[in-house]
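Q: Please take a close look at one part of this structure, starting from a single loop, and then set that part in the context of the rest. A formal, connected explanation suited to a first-year student would be welcome.

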Amino acid sequence: MTTTTTTTTMALASATPSATPSATATGSAGGAAGVPAARPATAGETGPSARTAAATGPAAESAGAPETAPGSRIPAGASGPYAVSPAASGVPSAASAPGPGPGVPPTAAAASAASAEPATASPHDPCAHGFLPERPPVRSMIGTWTRLDAMARAAAIAPDREAAIALVERAHRADELSALRQRVSRLSLRNAEAAAMRIAVIAVSCGWCGLDPQAPAAREVADGAFLDLWAAIAHRIDHDQFVALPTLALHNWVPERKPRRHIPIDQLARTEVLVPIVRWAPEGQPLSRLDRLMLAATRLEAHGIWLFRLAETLAGRSPDDSSTPTALRRLVRVQHALRAQLLAEAAELTAAPATPQQRAVLGALAEQGALEPPVLQAAEAVLGIGGRRMGEGRRQMMRRHLPAQHRAWLSAMDRHCAPVRTLAHRGGPDAAVYREAQESLIALRRTYTALVQAAARPTTGPLTAAA
């Protein structure tokens, strides 16, 4: 439990200027808007959050970081990413508990300590690596699951939906789907997420992205055995609506070369050349527009890690706090850097090939509202633009494609950043900074929308004109 508190404090300290996002050799353009260029960490470094974790005293105050972790501002009993750890709340942990008393066998003491441990894993902390997976996704599945691997790769390059559906029906007749269904419970969570990505690729290739696998009406449209496998995977990862960009993009990449040492996942996605696990273009051919859009979304999340950390800094802050406008100015710089990152991706994406099937996949995902990058949803939760622009019900529909712990974090941001959002109704320099942050977010979203449109249908005009 002490490790959780330390990680949160390190992440908050990394909202300092030394942790400002930047461009890398993979095509980012963070050098715009005064953001210094990032570099791969040298030996002994573990990433931006580790380099700034030791900042204390006046440096921490000038960064606008709170003296305590955000969880200390939340009432007792809160859950999710803002829950107070036992170390912070004064509750002794299992490691600091006294040893067994006289007459108590060691085995009984161990069993008692084990029963006192929480049954669930520690809550997801977006300050650590945003909404990226904690580890690089599984490159290749093993055993019986290689059949799902091969099916997803074949469905992704199918010329049309009918060809993709034929692949699923052939696997049904060969009893491959039922064999996989029986093995879902044996999957680790990481392998289950890898299987979910492959299920999502098959579903969108067949035109089934808007289906509920457990709805009776779905069996009139899709293969029943595939729906059973889909529902079992959804139950295993505790996420029903996973057929969307967060799964298709954030769980469908690997570094082109294996790192020689441990690198934080967000730094790995920023500094290494990324390649898709399941390609939408055949092997040996250039990456398609759909491939490049998904990789651009992944790099956007990696560069947006500082946005999550600034969101934690602003959580619970008073609009009159002197550190609030400082954090908002940094948020503006982060959003400018993210927009420059998207513009840098646009040239290669526009020049990439695209097939009618790939454009149909993008159109179906856009129709379901399944192309929302999590980092943009995080920014909207802080600045309140999403709630005013699309309404609360529509905003929750956009979030349904995220895992439960990510939705909980966004809901917490909605609540704890409400005081900062009152600047929208005020005047003065602080309110002007807040409005500048809103305008930079609107420009970022327009740039992303233009990138999606460029991937969905060929365009000859420059992206900057559309943005």
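A: Asp175 lies in the loop between helix α8 (161-173) and helix α9 (176-181). The model examined here is a predicted one. Asp175 has a positive phi of about 60 degrees, although Asp175 is not a glycine. Another loop, between α11 (224-237) and α12 (245-250), holds Asp238. The phi of Asp238 is near 55 degrees, again a positive value in a residue other than glycine. Asp238 has a relative accessible area of 60%, and it is therefore exposed, the cut-off being over 50%.

Some context for these loops comes from the chain as a whole. The protein chain has 23 helices and two strands. Of its 467 residues, 50% count as buried. Among contacts between residues at least 6 apart in sequence, 77% join residues at least 24 apart.

The loop between α10 and α11 contains Ala222. Ala222 has a relative accessible area of 6% and is therefore buried, since the cut-off for a buried residue is under 20%. Leaving aside neighbours within four places in sequence, Ala222 is in contact with Trp208, Leu211 and Leu227. The C-alpha atoms of Ala222 and Val168 are separated by 9.4 Å, while the two residues are 54 places apart along the chain.

The next topic is the nonpolar interior. In soluble globular proteins, nonpolar side chains tend to be buried together. The largest nonpolar core here has 107 residues, and those touching the most other members are Trp145, Trp230, Ile233 and Phe242. Helix α10 (residues 189-205) gives this core its largest share, 11 residues. A second core of 11 residues is separate from it and includes Leu132, Leu274, Leu287 and Leu295. Returning to Trp145, and setting aside neighbours within four places in sequence, one finds contacts with Leu180, Arg183, Val184, Leu187, Ala195, Leu229 and Ile233.

Burial can also be followed along a single helix. In α18 (residues 374-383), 10 of the 10 residues are buried, so this helix is largely enclosed by the rest of the structure. The buried residues of α18 include Pro374, Val375 and Leu376, and among them are also Gln377 and Glu380. After α18 comes Gly384, whose phi is positive, near 75 degrees.

Two other helices show how neighbouring elements meet. The axes of α14 (residues 289-303) and α15 (residues 305-314) come within 4 Å and cross at roughly 40 degrees. The crossing angle makes α14 oblique to α15, because an angle that is neither under 35 degrees, nor over 145, nor from 65 to 115 counts as oblique. On the α14 side of the contact stand Glu301, Ala302 and His303, and they meet Ile305, Trp306 and Phe308 of α15. By class, this contact has four nonpolar, one polar and one charged residues.

Phe308 leads on to the aromatic rings. A pair of aromatic rings is described by the distance of the centres and the angle of the planes. The search of the whole structure finds five aromatic pairs. In one of them, the rings of Phe131 and Phe308 have their centres 4.9 Å apart and their planes at 50 degrees, so this pair is tilted. The two residues belong to distant parts of the chain: Phe131 is in the loop between α6 (126-129) and α7 (146-156), Phe308 is in helix α15, and 177 residues separate them. Phe131 counts as buried at 4% relative accessibility, and Phe308 counts as buried at 0%.

Phe308 also forms a tilted aromatic pair with Trp409, at 5.4 Å centre to centre and with 50 degrees between the planes. Phe308 lies in helix α15 and Trp409 in helix α20 (residues 404-416), so the pair ties together parts that are 101 residues apart in sequence. Trp409, too, counts as buried, with 0% relative accessibility. Through these ring pairs, Phe131, Phe308 and Trp409 are linked into a cluster.

The path may be summarised briefly. It began at Asp175, in the loop between α8 and α9, and passed to the core in which Trp145 is among the residues touching the most other members. It ended at the cluster of Phe131, Phe308 and Trp409.

Key: Residues numbered from 1 in each chain as written. Predicted model: local features only at pLDDT ≥ 70, side-chain atom pairs only at ≥ 80, totals over all residues. Heavy atoms only, no water. Core = buried A, V, L, I, M, F, W, Y, C linked by side-chain atoms within 4.5 Å. Buried < 20%, exposed > 50% of the residue type's maximum accessible area, 1.4 Å probe, protein only. Contact = heavy atoms within 4.5 Å. Axes fitted to C-alpha atoms, helices over the stretch in contact; angles between N-to-C directions. Nonpolar A, V, L, I, M, F, W, Y, C, P; charged D, E, K, R; others polar. Phe/Tyr/Trp six-rings, centres within 6.5 Å; stacked < 30°, edge-to-face > 60°.
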